[in-house]
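Got your viewer open? Follow along and select each stop as we reach it.

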2 protein chains.
Amino acid sequence: MSRRESAKGGLRCGELGEDRLLEQILPSLPRHRGVVRGAGDDDCAVVKTENAGVLQLLKTDCLVENIHFTKDARPELVGWKAMARPLSDFAAMSGVPQFALVTLIVPSKTTLDWVKKLYRGIDKAARAFQVSVVGGETSSTDGPAVISVSVTGVVEKDRWVSRGGGKPKDDLFVTGRLGGSLGGRHLRFVPRVVESRWLTKNFTIHGMMDLSDGLGADLPRLARASGVGFELDDTALPLSPGCTPKQAISDGEDYELLFAVSPKDSLSLMTRWRRKFPNIPLTRIGRLTGQSKIKNRKFPAGYVHFKKR
Amino acid sequence: MSRRESAKGGLRCGELGEDRLLEQILPSLPRHRGVVRGAGDDDCAVVKTENAGVLQLLKTDCLVENIHFTKDARPELVGWKAMARPLSDFAAMSGVPQFALVTLIVPSKTTLDWVKKLYRGIDKAARAFQVSVVGGETSSTDGPAVISVSVTGVVEKDRWVSRGGGKPKDDLFVTGRLGGSLGGRHLRFVPRVVESRWLTKNFTIHGMMDLSDGLGADLPRLARASGVGFELDDTALPLSPGCTPKQAISDGEDYELLFAVSPKDSLSLMTRWRRKFPNIPLTRIGRLTGQSKIKNRKFPAGYVHFKKR
């Protein structure tokens, strides 16, 4: 018996990261001919629509009490975060979110007041991005509260950006500031849907994703999906106030965009971005390289669900 | 302070049924111009597509350990049920399910073996109905396991059946047998997607839903949505082996179809059904009436989440 197996019932989920757990499960599932990008391959799933120029995006995400928020977190903010997280995945692919389904699982002792405030936060985030909540499901539980939100939407076929489009020598950019999100920003962040739509309207974005697990976990994912390596200039990182570069790389829950563009576009991008979004930093943090293997084993990992740290 | 409010924090979710909880929350949420049928109004949400003849359906549903399945339930069957439940809602509207998103929330001590078996059940149900699982999300929890499944699909505009189309004097039919589902059928039922598609291809179905909470809870919902009353012939109920009429009305989790058709179609329907589906009973259990109020307060309720019994 391998060291990784426990005496009863084999390997435990806690010994795997989320990526590896999904890898174990997903490849066996059936794939419809309409599926362009399937389970676990990108920020959203991508399927064909009856209009050849338009793709549909689908994404589901959940918040679990004690894991993604604490008991004393303000319910309005928990609701905001529950909706904003999948919208951030739409931003990652330059999609337009449209419809949402919300599942709420709470202990029966939960007050109606708490639930109403939670929905106020969901509502606020939905309105901010013209998303319509079309379905609701509730259940009781004898455990922690769970809020699960599924979102569907669309993206023009010629504006869809995957993680896998990065090319060697591309410049790497991030929006906003990184690190220290657990101080409060993880409950209040604004998904970069507007910025992402502007990017693909005005520039050719080779590869993009949102930073949910931290640059240290997410940048290698983008590089791997693109079949390239990367160089990170950690003196250039846009740090949140009071944060170290290590925190900017490892804390996670930044919900900023990480993307790759041709270096010939970089100057124009930075100039026009500053004019369009004067309050949101845009920072060149490094570049993609030709080496297809990431060799720097010291690169710290971001937040990985299930993995014990 | 009203008797229904507790000393701290107002009304508790456990004091409301699921319907009333959703009523409290949903009307305030924003509605997109593409929404045909919104949150909580029917078995699935209905939204427009770019093809005027086709509507998109969306549905989310969840299973919570200790509420919808027990710790010792076979994981393959739990997976089957998690996928089959939202598919039953597609059957209720005569929809064709296409794509699914699966969220799995489990304690880190859960074995990979259990999770793989669960996915085997999800996979089996998905394949049986040509559904493609396009997205997966996992999270850890310190509470009971949760499996949440969201499904999208389509229905022709002229074949969509809502709960609200029943007319006075319509005959009421149910498929299959009712009652005793918790003996095992609730984990193994076959959603009536094929049968529902056949019904709308060959007959005009005025109103339809799936029986998830039991006839006692669901029939009044269909009548209310249709603005009519009903008469139930409880001597005609198709009882599961060993079940009483009371069980057939109250047990819930039957996942059979309840639908209303014009009495002039009833004989032809019964004859052709028997030829097409010889192993599935189809039973006329009563009719819709002109009275718009349901007066029989003794009518027992089916299983209602949150409500203490």
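Before we click on anything, a word on names: helices and strands here are DSSP runs, numbered from the N terminus, with at least four residues for a helix and at least two for a strand. That helps you find our first landmark, B:Asn66, which is in the loop between strand S3 (54–64) and H2 of chain B. Keep in mind that this is a predicted model.

**Stop 1: B:Asn66**

Select B:Asn66 and look at its backbone. Its phi is positive, about 75°, even though B:Asn66 is not a glycine. Most residues other than glycine have a negative phi. Is B:Asn66 buried, exposed or partly exposed? There are 14 other C-beta atoms within 10 Å, so B:Asn66 counts as partly exposed.

**Stop 2: helix H2 of chain B**

Now select residues 75–92 of chain B, which form helix H2. This helix has 18 residues and reaches 26 Å from its first C-alpha to its last, close to the 26 Å expected at 1.5 Å a residue. Where does H2(B) bend? Go to B:Ala84: the helix bends there by about 25°, and the proline B:Pro86 follows within four residues. Next, switch on everything around the helix. Of the 18 residues of H2(B), 16 are buried, so the rest of the structure largely encloses it.

**Stop 3: B:Ser94**

Step past the end of the helix to B:Ser94, which follows H2(B). You are now in the loop between H2 and strand S4 (96–106) of chain B. Like our first stop, B:Ser94 is not a glycine but has a positive phi, here of about 60°. Is B:Ser94 buried or exposed? It has 26 other C-beta atoms within 10 Å, so it is buried.

**Stop 4: the matching helix in chain A**

Hop over to chain A and select residues 75–92, helix H2 of that chain. This helix has 18 residues and spans 26 Å between its first and last C-alpha atoms. Look for a kink of about 25° at A:Ala84, shortly before the proline A:Pro86. H2(A) is mostly covered, with 16 of its 18 residues buried. Just after H2(A), A:Ser94 takes a positive phi of about 60°.

**Stop 5: the axis between the chains**

Zoom out until you can see both chains. How is chain A superposed on chain B? A rotation of 180° with 0.0 Å of shift along its axis does the job, with an RMSD of 0.0 Å. That is the relation of a two-fold axis. To find where the axis runs, select A:Gly143: of the residues of chain A, its C-alpha comes closest to the axis, at 2.3 Å.

**Stop 6: where the chains meet**

How many residues does each chain bring to the contact? Chain A gives 72 residues and chain B gives 72 residues. On chain A's side, the elements giving two or more residues include helix H1 (18–25), helix H3 (112–128), strand S5 (132–140) and strand S6 (146–156). Colour S5(A) brightly, as it gives the most to this side, with nine residues. If you colour chain A's side by residue type, you get 30 nonpolar, 29 polar and 13 charged. Of the interface residues of chain A, 100% are also interface residues in chain B, so the copies meet through the same surface.

**Stop 7: A:Val35**

Select A:Val35, in strand S1 (residues 35–37) of chain A. With 20 other C-beta atoms within 10 Å, A:Val35 is buried. Which residues does A:Val35 touch, leaving aside its neighbours within four places in sequence? They are A:Val47, B:Ser132 and B:Val134.

**Stop 8: the whole of chain A, and how far to trust it**

Select all of chain A to finish. The chain has seven helices and eleven strands, and 54% of its 309 residues count as buried. Now colour by confidence. The mean pLDDT of chain A is 88, and 87% of its residues reach 70 or more. Over residues 1–9 of chain A, though, the pLDDT is below 50. It also stays under 50 over residues 301–309 of chain A. Where pLDDT is low, the predicted coordinates should not be read in detail. For the model as a whole, the scores are ipTM 0.85 and pTM 0.88.

Notes
Residues are numbered from 1 along each chain as its sequence is written. Chains are lettered from A and ligands numbered from 1 in the order in which they are written. This is a predicted model: local features need pLDDT of at least 70, side-chain atom pairs count only at pLDDT 80 or more; totals for chains, interfaces and linings use all residues. Copies are superposed by least squares on the C-alpha atoms of residues with pLDDT of at least 70 in both. Two residues are in contact if their C-beta atoms, placed from the backbone, lie within 7 Å. Ala, Val, Leu, Ile, Met, Phe, Trp, Tyr, Cys and Pro count as nonpolar, Asp, Glu, Lys and Arg as charged, and the others, Gly among them, as polar. The expected span of a helix is 1.5 Å times one less than its number of residues. The bend at a residue is the angle between axes fitted to the seven residues ending there and the seven starting there. A residue is buried if 20 or more other C-beta atoms lie within 10 Å of its own, exposed if 12 or fewer, and partly exposed in between; C-beta atoms are placed from the backbone. pLDDT is the predictor's confidence in each residue, from 0 to 100.
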